[in-house]
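The following exercises concern the structure shown below. Each task is followed by a solution that proceeds in steps.

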Amino acid sequence: MTGTTRSSEGLDTRRRKLLFRSWHRGMREMDLILGTFADAEIGALTGEEIDQYERLLDIPDTEFLPMVTGERPVPLDIDCAVLQKILAFRHSMTF
């Protein structure tokens, strides 16, 4: 997979930016995990979930990847509905 498979057409500006940020993390592993999640879910997230997702995208890849892969426990202060969706989505992914 080389990048997004979803068009940003029909998305509001904030969702478009989050979709772009999901695919341009800096660490390819995170691009694939968050980019494919955003492709599938960005249009369906509620306003509160968009807020949560935006906060998660602010976490540096070197801290976030070990949490997403299960190598490090998720701190309670960032555990949220969207993170749980990302973790469930990641477990359903096949590369």
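**Exercise 1.** In what kind of contact do the side chains of Arg25 and Asp61 meet? State where each residue lies and whether the two are buried or exposed.

*Solution.* The model is a predicted one.
Step 1. The side chains of Arg25 and Asp61 form a salt bridge, with a distance of 2.6 Å from N to O.
Step 2. This pair connects distant parts of the chain: Arg25 belongs to the loop between α1 and α2, whereas Asp61 belongs to helix α4, 36 residues apart.
Step 3. A residue counts as buried under 20% relative accessible area; both Arg25 and Asp61 are buried.
Step 4. In general terms, side chains of opposite charge can pair when their charged atoms come close.

**Exercise 2.** Identify which residue is joined to Arg14 and which to Arg21 by a salt bridge, and classify the accessibility of each partner.

*Solution.*
Step 1. Arg14 and Asp51 meet through their side chains in a salt bridge of 2.5 Å, N to O. Here too, distant parts of the chain are linked, since Arg14 lies in helix α1 and Asp51 in helix α3, 37 residues apart.
Step 2. Arg14 has a relative accessible area of 32% and is partly exposed; Asp51, with a relative accessible area of 32%, is partly exposed.
Step 3. Arg14 and Asp51 also belong, with Glu54, to a network of salt bridges.
Step 4. Arg21 is joined to Asp58 by a salt bridge of 2.9 Å, N to O. Asp58 sits in the loop between α3 and α4 and Arg21 in helix α1, 37 residues apart.
Step 5. Asp58 is exposed at a relative accessible area of 56%, whereas Arg21 is partly exposed at 29%.
Step 6. The structure as a whole holds seven salt bridges.

**Exercise 3.** Determine which residues of helix α3 are buried and how they are arranged about the axis of α3.

*Solution.*
Step 1. Helix α3 comprises residues 47–57, and its buried residues are Glu49, Ile50, Gln52, Tyr53, Leu56 and Leu57.
Step 2. Viewed down the axis of α3, these buried residues fall within an arc of 160 degrees, so they line one face of the helix.
Step 3. Glu48 and Arg55 are exposed and occur on the face of α3 turned away from its buried side.
Step 4. The cover over the buried residues of α3 includes α1 (13–23), α2 (28–41), α4 (61–68) and α5 (81–92).

**Exercise 4.** Why can α2 be described as largely enclosed? Check also its span against expectation.

*Solution.*
Step 1. Of the 14 residues of α2, 10 are buried, so the helix is largely enclosed by the rest of the structure.
Step 2. The buried residues of α2 include Met30, Leu32, Leu34 and Phe37, and their cover includes α1, α3, α4 and α5.
Step 3. At 1.5 Å a residue, α2 should span 20 Å; its end C-alpha atoms are 19 Å apart, which agrees.

**Exercise 5.** Which residues touch the most other members of the largest nonpolar core, and which helix supplies its largest share?

*Solution.*
Step 1. The core has 29 residues, and those touching the most other members are Leu34, Ile42, Tyr53, Leu56, Phe64, Val82 and Ile86.
Step 2. Each of α1, α2, α3, α4 and α5 supplies at least two residues of this core, and the largest share, six residues, comes from α2.
Step 3. For Phe64, not counting residues up to four places away in sequence, the residues touched are Arg25, Met30, Leu34, Leu56, Ile59 and Leu83.

Key: Residues are numbered from 1 along each chain as its sequence is written. This is a predicted model: local features need pLDDT of at least 70, side-chain atom pairs count only at pLDDT 80 or more; totals for chains, interfaces and linings use all residues. Side-chain values use heavy atoms; hydrogens and water are left out. Buried means under 20% relative accessible area, exposed over 50%, partly exposed in between (1.4 Å probe, protein chains only). Helices (H or I, at least four residues) and strands (E, at least two) are DSSP runs, numbered from the N terminus. The arc is that of the directions from the helix axis to the C-beta atoms. Contact means heavy atoms within 4.5 Å. A salt bridge is a side-chain nitrogen of Lys or Arg within 4 Å of a carboxyl oxygen of Asp or Glu. The expected span of a helix is 1.5 Å times one less than its number of residues. A nonpolar core is a set of buried Ala, Val, Leu, Ile, Met, Phe, Trp, Tyr and Cys residues joined through side-chain atoms within 4.5 Å.
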